[in-house]
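This report describes how two ligands are held by a protein and how two of its helices pack. The sequence and the structure are shown first.

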Amino acid sequence: MKSSKRNILITGGAGFIGSHVVRLFVNKYPDYQIFNLDALTYAGNLENIKDIENAANYHFLKADITDADQMKALFRKYKFDSVIHLAAESHVDRSISNPKIFVETNVTGTLNLMEAALGIWKEDLQHKLFYHISTDEVYGTLGETGFFTETTSYAPNSPYSASKAASDHFVRAYGETYNLPYVISNCSNNYGPNQFPEKLIPLFINNIIENKALPVYGDGKYTRDWLYVLDHAKAIDLIFHKGNKKSTYNVGGFNEWQNIDLIKLLCEIMDKKLDKNEGESETLITFIKDRPGHDKRYAIDAGKINKELGWEPSVTFEEGLAKTIDWYLENSEWIKAVVSGSYQEYYKKQYT
Ligand code: NAD
Ligand code: DAU
């Protein structure tokens, strides 16, 4: 994609990863008009992008991707020439207790966006792009060894990953059937500032601050590959501008951790930051009933994006974790705001 004047729709820009992507694009590309479309569900928070809300090239659209007519009207009105699609229901545990909304948002929502895009693009598909942001969870689970590559078969195990897998398939099918210019990337676990405290790292940071139990699923010997969110945003920037159309890219941190080891490291750092006695936070660790369908191990082979686009993670886990913890310690008001109301009900249902 050329760097010139563009009208870019970014969906889910009030969420965790989306807010970092929106900020990067608004600041780095003053010639681009950036439209952030978000329904502001429990996971969306305009505070996440407060610093850029008055930028001349930034526009917020409160809208719901499950509303097909609304999507068509917005595409007609603003004539977006490309889409970076992040809006989704993103939490595996919520998908286990309420799968339907994952189909509606992640599958139907994606379909609605592609229909709306084709509605205004079909006469001229040149310089258009539908960039679908997806997850490594579509590949299912790995054993002790091996990595997910772009050609690994899909084998999703949770309603969340099944909905993301279905949306990936639809995007590819729209490319083949209607010639939609698309690209997909499948990324590993992100962490960093502004992540909603339902996901492992922010949940455990918040619980340590509050002296609450740290609920470890099963034996804690599940492995995830962690990537600092800004490195994901930079990968998205590169893939958007230089990625090959009709292809997919795996993005990962080359950074595998068993949950229990990561949790112990987090406890150790938090003891120091909070002036606690050595080993104090670790006493909060509580092993609880396992997540159903829990994938044993994820690990990404990010060789393709490295070779084709020169991307690699720039933030070490040590640096990233320190930055993340500092952010949560310095932003207690943000945490207070997001853990009020419906969060309390969710927490009670999930953990008691
Ligand atoms: P998030 O839950 O923090 O944010 C999702 C955003 O989408 C929120 O702002 C929410 O308000 C918005 N949204 C939800 N339903 C909507 C709807 N119907 N219409 C419009 N907006 C809606 O999610 P995240 O962790 O930032 O993930 C963003 C994307 O990246 C998702 O597609 C997810 O599958 C993918 N992904 C996430 C990770 C991760 O580790 N978090 C890793 C790989 C891929
Ligand atoms: O791999 C990419 C995916 O990473 C994204 O597509 C998802 O949107 C994102 O939520 C994340 O999924 P995970 O299920 O891996 O993330 P989560 O933070 O929920 O859990 C990480 C690991 O920690 C997992 O093995 C489950 C475990 N866990 C999680 C929670 C919330 C616990 O042991 N206890 C908990 O309370």
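A polar contact is here a pair of N or O atoms within 3.5 Å. Such a pair joins ligand 2 to Tyr217, where a polar backbone atom of the residue is 2.9 Å from an oxygen atom of the ligand. The model is a predicted one.

## Ligand 2

The surroundings of ligand 2 comprise 26 residues, of which Asp136, Glu137, Tyr160, Arg291 and Tyr351 are the closest. Besides Tyr217, a polar backbone atom of Leu200 is 2.8 Å from an oxygen atom of ligand 2. Arg224 takes part through its side chain, with a polar atom 2.8 Å from an oxygen atom of the ligand. On its own, ligand 2 exposes 690 Å², and the protein buries 95% of that area. Two or more residues of the shell come from each of helix 3 (92-97), helix 6 (200-209) and strand 8 (214-217). Sorted by class, the shell around ligand 2 holds 12 nonpolar, 7 polar and 7 charged residues.

## Ligand 1

Around ligand 1 there are 28 residues, and Ile17, Asp38, Ser90, Tyr160 and Lys164 come nearest. Backbone atoms of Gly15, Ile17 and Leu86 form polar contacts with oxygen atoms of this ligand. Of the 840 Å² of accessible area that ligand 1 has on its own, the protein covers 96%. Helix 1 (16-28), strand 5 (129-135), helix 5 (159-178) and strand 7 (189-191) are the elements that supply two or more residues to the shell. Strand 5 gives the most, with 3 residues. The shell around ligand 1 is made up of 14 nonpolar, 11 polar and 3 charged residues.

The polar contacts described for the two ligands are listed below.

| Ligand | Residue | Part of the residue | Distance to a ligand oxygen atom |
|---|---|---|---|
| Ligand 1 | Gly15 | backbone | 2.9 Å |
| Ligand 1 | Ile17 | backbone | 2.8 Å |
| Ligand 1 | Leu86 | backbone | 3.0 Å |
| Ligand 2 | Leu200 | backbone | 2.8 Å |
| Ligand 2 | Tyr217 | backbone | 2.9 Å |
| Ligand 2 | Arg224 | side chain | 2.8 Å |

## Packing of helix 1

Helix 1, which contributes to the shell around ligand 1, also packs against another helix. Its partner is helix 7 (residues 229-242); the angle between the two is about 60° and their axes are 9 Å apart. Because of that angle, helix 1 is oblique to helix 7. The crossing of helix 1 and helix 7 is right-handed.

Conventions
Residues are numbered from 1 along each chain as its sequence is written. Chains are lettered from A and ligands numbered from 1 in the order in which they are written. This is a predicted model: local features need pLDDT of at least 70, side-chain atom pairs count only at pLDDT 80 or more; totals for chains, interfaces and linings use all residues. Side-chain values use heavy atoms; hydrogens and water are left out. A residue is near a molecule or strand if one of its heavy atoms lies within 4 Å of it. A polar contact is a pair of N or O atoms within 3.5 Å; within protein, one must be able to donate a hydrogen and the other to accept it, and residues adjacent in sequence count only if both atoms are side-chain atoms. Accessible areas come from the Shrake-Rupley method with a 1.4 Å probe; for residues, only the protein chains shown count as cover. Helices (H or I, at least four residues) and strands (E, at least two) are DSSP runs, numbered from the N terminus. Ala, Val, Leu, Ile, Met, Phe, Trp, Tyr, Cys and Pro count as nonpolar, Asp, Glu, Lys and Arg as charged, and the others, Gly among them, as polar. Axes are lines fitted to C-alpha atoms, for helices over the stretch in contact, and angles run from 0 to 180 degrees between N-to-C directions. Angles under 35 degrees count as roughly parallel, over 145 as roughly antiparallel, 65 to 115 as roughly perpendicular and the rest as oblique. A crossing is left-handed if the near helix is turned anticlockwise from the far one by less than a right angle, and right-handed if clockwise.
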